[in-house]
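Please open the structure in a viewer and keep the sequence panel visible. The stops below say what to select and what is found there.

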Amino acid sequence: MPTLPRRPSSLRVLVTGAAGFIGGRLAHELCAAGHRVLGLDDFSTGWPERLPRAGAFELVEGDVSAPGVLARLVAREEPHVLVHLAARVGVRAVLRDPEGCRAANLRGVGELLTAVEALPRARRPRVLAASSSEVYAEKPGPLREGDPTRPTDGAGRWAYAASKLRGEELLDASGLWDAARGPLHLRFFNVVGPGQDGDSGMVLPTFVERALDGRPIPVHGDGAQVRTFAHVDEVARALRALVEAEHAPGGALNVGGAARTSILALARLVAERAGRGSAVRFTDPRARCGANFEDVRFREPDLARLAELGVAAPALDLTSLVDDSLARHRELARPRAATSRGPAPCASPAS
């Protein structure tokens, strides 16, 4: 496997969405590797307990889409790398307000561009920006970075994907970086692990929380949807390697794992490993997610480009991933009120 040159010294890294599920793990990884990390988060979906307590870490509370917030931090810190993870995420948030989701995500990209443009070209940070595998059009089999994508004007269920793809376009069209240092668009596939927020509609924490309580596990439709899962700890290590890569070419990059399964098989595995007698219950997603809910049948990454960059892809098998989520989920999760244990949320196997 080829390897890219690594920066020899400690880096200054600014992470937006630092208290989020991926952002918190990445902040720990970077601090453990000796880098200085400045985190920005408004705690709308993240929480402080995810953040490092040691190492060179600083948190600023604020909204990345608010005018001037990110620009002030970039001007002050002049980071070597800016990892933009902040966004409105989760199928419930998108379906509740798709246009608000689109607007907020695009405002965040706009603020990023404004912040970077204020610095001289030679001092502009390399940008790694979270995109999504949802930008891809439906296709069976592994998805490659050059495969067809959904339209950037997608509405309803697809407003999130549309905002991510439009964000990629805006970053690429800005002309703020030399060609060799262009933005890297992180097209995340299903990233999971203990502590993920089930209330946002993510599928594995929904299954885990219900199985730990011995409640029925809801499966949308026939459960034949295919997904490939990656453990968040392995994803954070891959992102750290990308942060440290001095000359990683820009463009779209799939970031995912190797734990491939149908959603029905996942539900049955979670129930079996939890050992609490949970039954699998088939549900009509339109009953909870709305009559216009659309599902995705296949979501599997081709990770050849990640390998070409010399970055180890997440490789944890499905049983190990499920066991870790069952064992550590509640100690890492946001404290829940008793009232939260109601009907199953609108959990999407795309999440």
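How many of the six residues of strand E9 (residues 226–231) are buried? Select residues 226–231 in this predicted model. Six of the six are buried, so strand E9 is largely enclosed by the rest of the structure.

**Stop 1: strand E9 and its partners**

Show the side chains of E9. Val-226, Thr-228 and Ala-230 point one way from the strand, while Arg-227, Phe-229 and His-231 point the other way. Both sets are buried.

Next, add strand E7 (residues 190–192), which pairs with E9 in the parallel sense over three bridges. To find the register, select Val-191, which stands opposite Ala-230 in E9.

Then add strand E11 (residues 259–262). Four bridges join E11 to E9, and these two strands run antiparallel. Here Phe-229 stands opposite Ala-259 in E11.

Finish this stop with strand E13 (residues 298–299), which runs parallel to E9 and is joined to it by two bridges. Val-226 stands opposite Phe-298 in E13.

**Stop 2: the seven-stranded sheet**

Now move to an open sheet of seven strands, with the order E3-E2-E1-E4-E5-E6-E10 and parallel pairing. Colour the two edges, E3 and strand E10 (251–255). Each of these has a single partner strand, so one side of each is left without a neighbour in the sheet. Viewed from strand to strand, the twist averages 20° from one to the next.

**Stop 3: E1, H1 and E2**

Select strand E1 (residues 12–16) and E2, which run parallel and are joined by five bridges. Val-13 stands opposite Val-37 in E2. Adding helix H1 (residues 21–32) completes a right-handed β-α-β unit made of E1, H1 and E2.

Strand E2 (residues 36–41) is mostly covered, with five of its six residues buried. E2 also pairs with strand E3 (residues 57–61), in the parallel sense and over five bridges. Keep Val-37 selected and look towards E3: the bridge partner of Val-37 there is Phe-57.

Just before E1, pick Leu-11, which is in the segment leading up to that strand. Is Leu-11 buried or exposed? Its relative accessibility is 2%, so Leu-11 counts as buried. Draw a distance from the C-alpha atom of Leu-11 to that of His-35: these residues are 24 apart along the chain, and the two atoms are separated by 5.0 Å.

**Stop 4: two loop residues with positive phi**

Most residues other than glycine have a negative phi. The next two selections depart from that pattern. Select Phe-43 in the loop between E2 and E3. Phe-43 is not a glycine, yet it has a positive phi of about 60°.

Then select Glu-78, in the loop between helix H2 (69–77) and strand E4 (81–84). Glu-78 also is not a glycine, and its phi is positive at about 45°. The relative accessible area of Glu-78 is 22%, which makes this residue partly exposed.

**Stop 5: Ala-130 in E5**

Return to the sheet and select Ala-130, which is in strand E5. Ala-130 is buried, with a relative accessible area of 14%; the cut-off for buried is under 20%. Three bridges join E5 to strand E6 (residues 184–188), and the two strands run parallel. In E6, the bridge partner of Ala-130 is Leu-186.

Draw a second distance, from Ala-130 to Ala-118. These residues are 12 apart along the chain, and their C-alpha atoms are separated by 22 Å.

**Stop 6: the largest cavity**

How many cavities of 30 Å³ or more does a search of the whole structure find? The search finds two. About 110 Å³ of space lies in the largest cavity.

To locate the largest cavity, select His-84, Val-109, Ala-130, Lys-164 and Gly-167, which lie nearest its centre among the 14 residues of the lining. The elements that give two or more residues to this lining are helix H4 (98–117), strand E5 (126–130) and helix H5 (159–173). The largest share comes from H5, with five residues.

Finally, colour the lining of the largest cavity by residue class: six residues are nonpolar, six are polar and two are charged.

Notes: Residues are numbered from 1 along each chain as its sequence is written. This is a predicted model: local features need pLDDT of at least 70, side-chain atom pairs count only at pLDDT 80 or more; totals for chains, interfaces and linings use all residues. Side-chain values use heavy atoms; hydrogens and water are left out. On a 1 Å grid over the protein atoms alone, a cavity is a set of points where a 1.4 Å probe fits but cannot get out, and a pocket is an open set with protein on both sides within 12 Å along at least five of seven lines; lining residues have an atom within 4 Å of a point. Grid points are joined across faces, edges and corners, and a volume is the space filled by probe spheres set on the points. Ala, Val, Leu, Ile, Met, Phe, Trp, Tyr, Cys and Pro count as nonpolar, Asp, Glu, Lys and Arg as charged, and the others, Gly among them, as polar. Buried means under 20% relative accessible area, exposed over 50%, partly exposed in between (1.4 Å probe, protein chains only). Two strands pair if DSSP finds at least two bridges between them. A crossover is right-handed if, with the strands pointing away from the viewer, the path from the first strand over the helix to the second runs clockwise. Axes are lines fitted to C-alpha atoms, for helices over the stretch in contact, and angles run from 0 to 180 degrees between N-to-C directions.
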